[in-house]
Amino acid sequence: MKENIPIGFGSSCVHSGFEAEQHRSHLTPIYASSTYLLDSAEHAVALFTGEEKGNIYARFGSPTTQQAENKIAALEAFGLTDNHGNPLALKAIVHASGMAAITTLILSNLQAGEKVISHLSLYGGTQELVDKVLPSLNIQTVLLDMQNLDAVEEVLQKDKSIRMMYLETPANPTLQCVDMEKLTALAHQYGCKVAVDNTFATPYLQQPFRYGVDFVMHSTTKFLNGHGTAIGGVLIGKDMEWMNTKVTKHFRLLGGNSNAFDAFLLINGMKTLELRMQRHCSNAEKVAAFLHTHPAIAFVNYLGLESHPHYALCKKQMRHPGALMSFEIKGGFEASKKFINQLQLCTHAVSLGTCDTLVSHPASTTHVGVARELRIQSGITDGLIRMSVGIENVEDIIHDLEQALS
Ligand SMILES: *Cc1c(COP(=O)(O)O)cnc(C)c1O
């Protein structure tokens, strides 16, 4: 792809990030090499001091991981400009998992004695990280209802040790959204950096950098890879100097790097991101409408239903309500178990964003480590079922749900 030609998001999914190498391979090759040749003692010095760019050691990156990073950066920055009206420049760093990306984010930006502010209903792993790991490093987390901006401001005003606002929107698995524009403005007023977990939405549905956030992270395991073939994560930032120094240093030393094979799978998965998301989304809309009116269903959390409390907020910051929903079957946990065991087409597994429809029960799986009281307070009731609607023919998905509910 020649530089600077005007293209659409789907074309960017296909082409961006690719760089031809000397053997003219059409696809990004898998560079399965742990280390790279140093041309001379002088070349080695230049590489290590950062004077010259080049490959050194695969924990730091490889041509394959770099092309994955450049594609993700291009998609998150798609159509956005910086304060001077130039195309927004972003740096992405791929990691071994979404959790590794969050670890680099937190440890490179916070010191002992500093705090994170966040909301309820976080991804189970993130919730456990802030509950069980960060406190031992003396990094505490303040959780509150972020729909209430006055309450957020009061906390930020009072507690100057809060240095990072961590947002997950939409959040797992209740699809709660928070207002990125207003919260980012508020956080920045108090000198607090903002990070957004954009896993559920993907850059196709939502671009947090539009609202001036400082960092975006993804579990690339989900929609970005899209085929469930690799665990992975990415951390993206807009302050290039900070990303290239402090964040890169932490990334390299914490050792949460990705690898060439997973990056190769990720690159190929992302090429069809727009195409898959469009199908995921149109299927989800129909499935939500079906469940919403089904007599055996108590309620459905789907951002495209006017009954969802964040229907309007979703319209404001997302292109479409997405492919995730959760619902409660009348009869609670027992009825949920029966339903899951009856499914024939839909897959019973945790995770999301794969081609097949995935159904799971958060209370007994992803959120089993979260205290019950906090879990219920976050809207994750005992019988709640989460569904990531796949790209099958929608009639088949609905037919399967129908027979499992009867
Ligand atoms: C899966 C997930 C994570 C964690 O990512 P891993 O790749 O499993 O480490 C973080 N946030 C959200 C919203 C997720 O769905």
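**Notebook: ligand site and some odd backbone spots**

I started with the ligand: 14 residues surround it, and Met99, Asp197, Ser219, Thr221 and Lys222 come nearest. Note to self: this is a predicted model.

**Entry 1, the ligand shell.** I sorted the shell by class and got 5 nonpolar, 6 polar and 3 charged residues. I also looked up which pocket holds the ligand, and it is the second largest pocket.

**Entry 2, polar contacts.** Which atoms of the ligand pair with Asp197? I found a nitrogen atom of the ligand 2.7 Å from a polar side-chain atom of Asp197. Next I checked Lys222, where a side-chain N or O atom is 2.8 Å from an oxygen atom of the ligand. Gly232 brings in its backbone: one of its N or O atoms there lies 3.5 Å from a ligand oxygen. Then I looked at the ligand's surface, which comes to 380 Å² when the ligand is taken alone, and the protein buries 94% of that.

**Entry 3, Met217.** I moved on to strand β6, which runs over residues 215-219 and contains Met217. Is Met217 buried or exposed? Met217 has 2% relative accessibility, so I put it down as buried, the cut-off being under 20%. I also picked out a pair that is separated in sequence: Met217 and Asn198 are 19 residues apart along the chain, yet their C-alpha atoms are 6.1 Å from each other.

**Entry 4, the loop between β4 and α7.** Strand β4 covers 162-168 and helix α7 covers 180-189, and Pro170 sits in the loop between them. I checked omega for the bond from Thr169 to Pro170: the bond is cis, with a value near -5°. Pro173 belongs to the loop between β4 and α7 too, and I found a cis peptide bond joining Asn172 to Pro173, with omega about -10°. Leu175 is also in the loop between β4 and α7. What is the sign of phi at Leu175? Phi there is positive, about 65°, although Leu175 is not a glycine. I noted Leu175 as buried because its relative accessibility is 2%.

**Entry 5, Asn138.** I then looked up another non-glycine residue with positive phi, Asn138, where the angle is near 60°. Where does Asn138 lie? I placed Asn138 in the loop between α5 (124-133) and β3 (140-143). Its relative accessible area is 40%, so I logged Asn138 as partly exposed. For contrast I wrote the two side by side: Asn138 is partly exposed, while Leu175 counts as buried.

Methods: Residues numbered from 1 in each chain as written. Predicted model: local features only at pLDDT ≥ 70, side-chain atom pairs only at ≥ 80, totals over all residues. Heavy atoms only, no water. Near = heavy atom within 4 Å. Polar contact = N/O pair within 3.5 Å; in protein donor to acceptor, adjacent residues only side chain to side chain. Areas by Shrake-Rupley, 256 points an atom, 1.4 Å probe, with all protein chains shown as cover. 1 Å grid on protein atoms, 1.4 Å probe; cavity = no way out; pocket = protein on both sides within 12 Å on 5 of 7 lines; lining within 4 Å. Sits in = over half its atoms within 2 Å of the grid points. Nonpolar A, V, L, I, M, F, W, Y, C, P; charged D, E, K, R; others polar. Helix = DSSP H or I, 4+ residues; strand = E, 2+ residues; numbered from the N terminus. Buried < 20%, exposed > 50% of the residue type's maximum accessible area, 1.4 Å probe, protein only.
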